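Trainee: I would like a close look at a single part of this chain, with its surroundings filled in afterwards. Please take me through it step by step.

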Amino acid sequence: MESIKSIHTDKNTAILLIHCPDQQGILAAVTEFLNRNKGNIIYLDQHVDRQEKLFYMRVEWELDGFVIPREKIAEYFGTLVAGRFDITFWLHFSDKPPRMAVFVSKLSHCLFDILARYTAGEWDVEIPLIISNHEKLAPVAQRFGIDFECLPITKENKAEQEQKELQLLKDYDIDFVVLARYMQVLSDDFVKHYPNKIINIHHSFLPAFAGAKPYHAAHARGVKIIGATSHYVTPELDAGPIIAQDVARISHIDTVNSLMRKGRDLEKIILSEAVYKHLERKILVYNNRTVVFN
């Protein structure tokens, strides 16, 4: 099977994500900057955290006819707008699909959901690489025409194998990583190479029932809901900024197996929702929290 390519939308837009101390005139200054330079705004969303007195914003505009060359936009915006309001900003362009690597172990449900959406053209992304610590899912990668690298990890070789993983990510020009039930804890050094660019799915509604067997613990406690949490990975285990969560209602008739089945359905949906929001540049991280725009 030939390698799958994302179905690119041919959208030629720029996206600004910004945060700064809340003050009068920010919205007007940003929109005036775009309007003055003939930028047709197609999306604008903002949020004010009144408790922290912070302003958040996402704005997207068409580049066709925009006066400022794309390589100069960040410089001009920084000089003319950001400096005036103490704005921290990120600039992205829609015409270059991000390159994503998927890390897996033995469980396949999240991987299959990702690859189904990928092949259906739901996401504007390229997936050139799958990395695993087991060989089990190699046939899946082969079926979808994606390169598969198996790097078994033990306590003794963990540091060496992570360096190989990092080199692979560099060689494949990877922009961000998705842990699709990858059952290894990444080292602090690894995480620091991809700040807010490693998305994980946790098989519980964090912080409750964190650990290796959350469904067993939930069953023992007789809980009435189970959940799944997708978050960015930070050096602190399972404590990174949360992107998406959801729950499913359960009852006394559920067994551990039915909890696992319902939980896995949640996991793949919530992980894919987080990946989609990341691809759309709709997540802004500040102080270990996220603002997730609509």
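Mentor: Leu44 stands opposite Val59 in S3. This is a predicted model, and the pairing belongs to two strands, S2 (residues 40-49) and S3 (residues 54-62), which run antiparallel and share 9 bridges. Together S2 and S3 make a hairpin, with 4 residues between them.

The turn of that hairpin deserves attention. Lys53 sits in the loop between S2 and S3, and its phi is positive, about 60°, although Lys53 is not a glycine. Most residues other than glycine have a negative phi. Lys53 is exposed, because its relative accessible area is 60% and the cut-off for exposed is over 50%.

On the N-terminal side of the hairpin comes helix H1, residues 26-36, whose buried residues are Ile26, Ala29, Val30, Thr31, Phe33 and Leu34. These buried residues pack against both hairpin strands, S2 and S3, and also against strand S1 (13-21) and helix H2 (70-85). After H1 comes Lys38, which has a positive phi near 65°.

A further positive phi in a residue other than glycine is found at Asp173, with a value near 55°. Asp173 is placed in the loop between helix H5 (158-171) and strand S8 (176-179). With a relative accessible area of 45%, Asp173 is partly exposed, whereas Lys53 in the hairpin loop is exposed at 60%.

Two buried residues in other strands can be set beside this. His92 is in strand S4, residues 88-93. His92 counts as buried because its relative accessibility is 18%, and the limit for buried is under 20%. Leaving out residues up to four places away in sequence, His92 touches Thr13, Ala14, Ile15, Leu17 and Arg281. Among these, Thr13, Ala14, Ile15 and Leu17 fall in S1 (13-21), one of the elements that the buried residues of H1 pack against.

Pro128 lies in strand S6, residues 126-132, and at 16% relative accessibility Pro128 is buried as well. Beyond its neighbours within four places in sequence, Pro128 is in contact with Arg99, Met100, Ile146, Asp147, Tyr172 and Ile174. Tyr172 and Ile174 flank Asp173, the residue with the positive phi in the loop between H5 and S8. Pro128 and Arg117 are 11 residues apart along the chain, and their C-alpha atoms are separated by 15 Å.

Now the chain as a whole. It has 8 helices and 13 strands. For 294 residues a compact globule would have a radius of gyration near 19 Å, and the 21 Å of this chain agrees with that. Along the principal axes, the C-alpha atoms fill a box of roughly 60 × 45 × 35 Å. Of the 294 residues, 48% count as buried. Taking contacts between residues at least 6 apart in sequence, 68% join residues at least 24 apart.

The surface and charges complete the account. The chain exposes about 14,900 Å², and carbon and sulfur atoms supply 50% of that area. There are 35 positive and 38 negative side chains, and the centres of the two sets lie 5 Å apart.

Note on methods:
Residues are numbered from 1 along each chain as its sequence is written. This is a predicted model: local features need pLDDT of at least 70, side-chain atom pairs count only at pLDDT 80 or more; totals for chains, interfaces and linings use all residues. Side-chain values use heavy atoms; hydrogens and water are left out. The radius of gyration is taken over C-alpha atoms; the globule rule is 2.2 Å times the number of residues to the power 0.38. Buried means under 20% relative accessible area, exposed over 50%, partly exposed in between (1.4 Å probe, protein chains only). Contact means heavy atoms within 4.5 Å. Accessible areas come from the Shrake-Rupley method with a 1.4 Å probe; for residues, only the protein chains shown count as cover. Lys and Arg count as positive and Asp and Glu as negative; His and the chain ends are not counted. The place of a charge is taken as NZ of Lys, CZ of Arg, CG of Asp or CD of Glu. Two strands pair if DSSP finds at least two bridges between them.
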